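Here are my comments on the model you asked me to look through. They are set out as numbered points, so that each can be checked against the coordinates.

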Amino acid sequence: MEKIVFYILALIMIVAAIASVTSRQMLRSVIYLLFVLIGVAGIYFLIDYNFLAAVQLTVYAGGIIVLVIFSVLLVHHIEMELEMAKLSKKLITGLVCLIGLGVFLSVIYSTNFNVVENSKTTDVSDIGMGLLSYGAGGFILPFEVISILLLAAMIGAIIIGKGDKLTKNDDTL
Amino acid sequence: MDISYILFIPFIPLAVFLLLGIFNQQIKPAVSGYIGVLGLSVSAALSYYTAYQYFFVVGKVDGVYQTFVEKTVWMNFTDTLHIDMGILIDPISVMMLIVVTTVSLMVHIYSRGYMKGDDGYTKFFAFLSLFSFSMLGLVLATNLFQIYIFWELVGVSSYLLIGYYYTKTSAVAAAKKAFIVTRFADFGFLIGILIVGYYAGTFDFQTLNAVNPEGEGLLLNWASSSFMGLSVITWALLLIFMGGAGKSAMFPLHIWLPDAMEGPTPVSALIHAATMVVAGVYLVARLFPMYYFVEGGFALNIVAYVGAFSSLFAAIIALTQTDIKRVLAFSTMSQIGYMMLALGVSSYKGEEGVGYMASMFHLFTHAMFKALLFLGAGSVIHAVHSNYLKDMGGLRKYMPITNITFLIAALAIAGVPPFAGFWSKDEILVAAFEKNQLIYFMALFVAGLTAFYMFRLYFGIFWGKDTQYKHTPHESPISMTFPLLFLAFMSIVAGFIPFSEFVTADRVAFEGHLNYPMAAVAVGTGLVGIILAWIFYKKENDLAERFSNAFGMLYKWAFHKFYFDEIYMFVTKKIVFNLISTPIAKFDKKYVDGTMEGIGNKTVIISEKIKGLQSGRLQDYAMFFVSGVVIVALVFIYLWTN
Amino acid sequence: MIAGISIYEIFTLTSILFFIGIYGFITRKNLISILISLELILNASAINFVIINKYLYPDVLQGVFFSIFIIAVAAAETALAVAIIINLYRQISSVEVKDTEIMKY
């Protein structure tokens, strides 16, 4: 059962990803991306990381995608078709990517992973304890750093996004 | 003997030079003259004091004049090979101190009159002081390298002073010529110094000249290496002599001296008659034990022949010149040749070394009377405003003091007793007679020629035709006549100094005595010359003209200085420039520069082509990056497996 | 653990997603499309972190934390990127890559 679900998810993700990077319409591209992200969340569900899957859905599917859609709508006409790269460039890039993929896969399949059989379920409190503990294996410092980063990014985004108007207001002050 | 105060002798002129040079604009000309004279007076007084101390009080120990050295190591190469800076006091350096400071002081005083009203009056005195400093430093040098440094400084001062009238093209050309010719000679000098440093392992005069009690040179390793059949040290000595020959205007490096007369006359008197041009003689004298002992004195023989030939050569040219300063210039060259030949025929020990003594003696007396001749000529030029004999004549009526002093100097140089030149010239002839008859007869012939051309000059200027002058010539001011009188006095009495008591090759005094037959022959030759000049030039007549016409070709050759300038021009311009330098320059421009520029241009072209890679497109960079990663991964995974 | 699915298959999936992202990153000519490709790359690596955690070291949660951080950083980055894109659009009325190549040479 899970095997079939995984294959279906994998198929959806790969197809949606390819569609996303080849679609000539911006908005469709974003929607295909949404499918990929949901597929990723599905994989998280499959391996019993429910909290992570929820975060993936809310932040990515709910937040980032909406943000990107907004920007697409702000800067594009819906029906506008995207300019595509030259065929030769596509072919060369595709070739390089295929070779790279071959290298990756050959390395992966020639490596013997020491897989530990388990069916452990992780609940939210474990993640919370891990993130906020300051003992061994605790991630309190990166957590705080990330929060500062998010704040800084937010302020930066506001200032960059409003750039012109802010400076104009400064002039009038 | 505490000799540190001697440092003041060169450094006072240096201080004067700096003062006058830096405050050139601020100091009034009248004051600058006094500063220069004052500085040199102090130096001269110190020199006289030094001479007194050295020769009469502390210099002599057990009948041998000692050498006093005070020096500090400047650059250290090995234990024995180092360049020092210091002062060296021995008979010849003390004697040179007196010569340089005396003549320099007289020239300073004289210049106050001669240069009056000149635009660069202060500058002139600054240069004179610079020259005095350099020359005194040269005289006091303790080692070959120090002497070389001051040697070049002297060359620079000479260049500056010859080119003093820098608005005159001929003066600038003469200055350049003097500098280039002497510099060319100094190139040999430098190579010689380096050879000495390499093979003898020291630059120090005392070590190089060391002599053991038996009177043999201690520099025994001179035979260790040889080159083309001669010891390398002999080669070094010959090269050093090349430097000396350049400065002393010996054949064939003499061509700059006549042209150097473009400088102001006091400069000619100081530099190109009395001091700088004898630097070559001084250098050979300074290294005399080396010259004498290394390889049986081969290098010294060369010195003798070069000196003798130059002496004769210059005397013949001097017969024909019409520019009075040029006559004096060739006369100087001839007399320096005399000194060189005297050194060349000298031995080292005792009375055998009479040539060395005679050379130094002649250097001393010659400095006095030749400076006097130049200053007298300057006085005449000052009055007549011309350098040429044809513009002069009958001046004895207008310039009595100049006339008398010039006559004294002319008698001195002609070797008439009891004037100074007689005594020193006699000693030289004695030395030459004992060693080498050929050189003796050359020297004797030159003595006759000297007397003849000098009185040709004297009669031509002060007697002869009664020229009508636009402005009536008048006697020069006291500042110019005083040096004339002083030097005339010196020219009379200098000959009575018993030089063999003071300056000898092996530092042991001996009793000098007059060789009467020799003296009689010499005086006779001189008198013949004077009488011939009397007949030819006392009254205006055409004897001289007929005589020179009789010689025809020879006269013309001599008048054109045997075409040496033209030969040098041909060699440098036609052969060196056109055949060597120009092709090299072309080669340099075409291939050496071409290669370098080609590399530069190719780089630019390639850059132009590949700068498209730096497109600014992020995605291109990402492409390169990914390709690179893939390639590196492939290499490391599949090709680098071991 | 996903029953019957080995770690190799999941790595194959993430590698494919990763290179699709790179392909898109290089070939797309629009800033927003590049951003989308970037999200693909980020997600592929995030999955890798989580999978390695789950399959190889099930007793710890480091991989999960890294994924959370990646999601946070991605969110911040997207917000900034969108702000920059919008600002750029205001200035030059375009979000095409070819219009933003003025910093070359």
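The points below take the chains and their contacts in turn.

1. The coordinates are those of a predicted model, and every value in this note should be read with that in mind.

2. Chain B has 642 residues, of which 52% are buried, and its secondary structure comprises 24 helices and six strands. When the contacts in chain B between residues at least 6 apart in sequence are considered, 80% of them join residues at least 24 apart.

3. Within chain B, helix 8, which runs over residues 232–247, has 16 residues and extends 23 Å from its first C-alpha to its last, close to the 22 Å expected at 1.5 Å a residue. Helix 8 of chain B is also mostly covered, with 15 of its 16 residues buried. After helix 8 of chain B comes Ala249(B), a residue with a positive phi, near 55°.

4. The packing of helix 8 of chain B against helix 11 of chain B (residues 279–286) deserves a look, since the angle between them is about 155° and their axes are 7 Å apart. Because angles over 145 degrees count as roughly antiparallel, helix 8 of chain B and helix 11 of chain B are described as roughly antiparallel to each other. On the side of helix 8 of chain B the residues involved are Ile240(B), Phe241(B), Gly244(B), Ala245(B) and Lys247(B), and they meet Ala279(B), Gly280(B), Leu283(B) and Val284(B) in helix 11 of chain B. The residues of this contact divide into six nonpolar, two polar and one charged.

5. Helix 17 of chain B, at residues 420–435, can be checked by its length: at 1.5 Å a residue its 16 residues should span 22 Å, and the end C-alpha atoms are 24 Å apart, which agrees. Since 14 of the 16 residues of helix 17 of chain B are buried, this helix is largely enclosed by the rest of the structure.

6. Chain C has three helices and zero strands, and read along the sequence it follows the pattern α-α-α. Of its 105 residues, 55% count as buried. Among the contacts in chain C with a separation of 6 or more, residues 24 or more positions apart account for 44%.

7. For chain C, an unreviewed UniProt entry places the feature "transmembrane region" at residues 6–26, 31–52 and 64–89, and two of these spans can be compared with the model. Over residues 6–26 of chain C the chain is 95% helix and 0% strand, with end C-alpha atoms 31 Å apart. Over residues 64–89 of chain C the chain is 100% helix and 0% strand, and there the end C-alpha atoms are 37 Å apart.

8. For chain A, the UniProt annotation "transmembrane region", again from an unreviewed entry, covers residues 6–23, 30–47, 59–79, 91–111 and 131–160. Residues 6–23 of chain A are 94% helix and 0% strand in the model, and the end C-alpha atoms of that span are 25 Å apart. Residues 91–111 of chain A are 95% helix and 0% strand, and their end C-alpha atoms lie 30 Å apart.

9. The contact between chain A and chain C takes 76 residues from chain A and 62 residues from chain C. On the side of chain A that touches chain C, the elements that give two or more residues are helix 1 (2–22), helix 2 (26–46), helix 3 (50–75), helix 4 (87–110), helix 5 (124–132) and helix 6 (140–172) of chain A. Helix 3 of chain A gives the most to this side, with 13 residues. The residues of the side of chain A that touches chain C divide into 50 nonpolar, 17 polar and nine charged.

10. One helix pair between these chains is worth inspecting: helix 2 of chain A and helix 2 of chain C (residues 31–56) pack at an angle of about 5°, with their axes 10 Å apart. That angle makes helix 2 of chain A roughly parallel to helix 2 of chain C. The residues making the contact include Met26(A), Leu33(A), Val40(A) and Tyr44(A) of helix 2 of chain A, and Ile32(C), Glu39(C), Asn43(C) and Val50(C) of helix 2 of chain C. The residues of this contact divide into 13 nonpolar, three polar and one charged.

11. The contact between chain B and chain A takes seven residues from chain B and six residues from chain A. The residues of the side of chain B that touches chain A divide into six nonpolar, one polar and no charged.

Conventions:
Residues are numbered from 1 along each chain as its sequence is written. Chains are lettered from A and ligands numbered from 1 in the order in which they are written. This is a predicted model: local features need pLDDT of at least 70, side-chain atom pairs count only at pLDDT 80 or more; totals for chains, interfaces and linings use all residues. Helices (H or I, at least four residues) and strands (E, at least two) are DSSP runs, numbered from the N terminus. A residue is buried if 20 or more other C-beta atoms lie within 10 Å of its own, exposed if 12 or fewer, and partly exposed in between; C-beta atoms are placed from the backbone. Two residues are in contact if their C-beta atoms, placed from the backbone, lie within 7 Å. Ala, Val, Leu, Ile, Met, Phe, Trp, Tyr, Cys and Pro count as nonpolar, Asp, Glu, Lys and Arg as charged, and the others, Gly among them, as polar. The expected span of a helix is 1.5 Å times one less than its number of residues. Axes are lines fitted to C-alpha atoms, for helices over the stretch in contact, and angles run from 0 to 180 degrees between N-to-C directions. Angles under 35 degrees count as roughly parallel, over 145 as roughly antiparallel, 65 to 115 as roughly perpendicular and the rest as oblique. UniProt positions are given in the numbering used here, feature names are shortened, and annotations may be inferred rather than shown by experiment.
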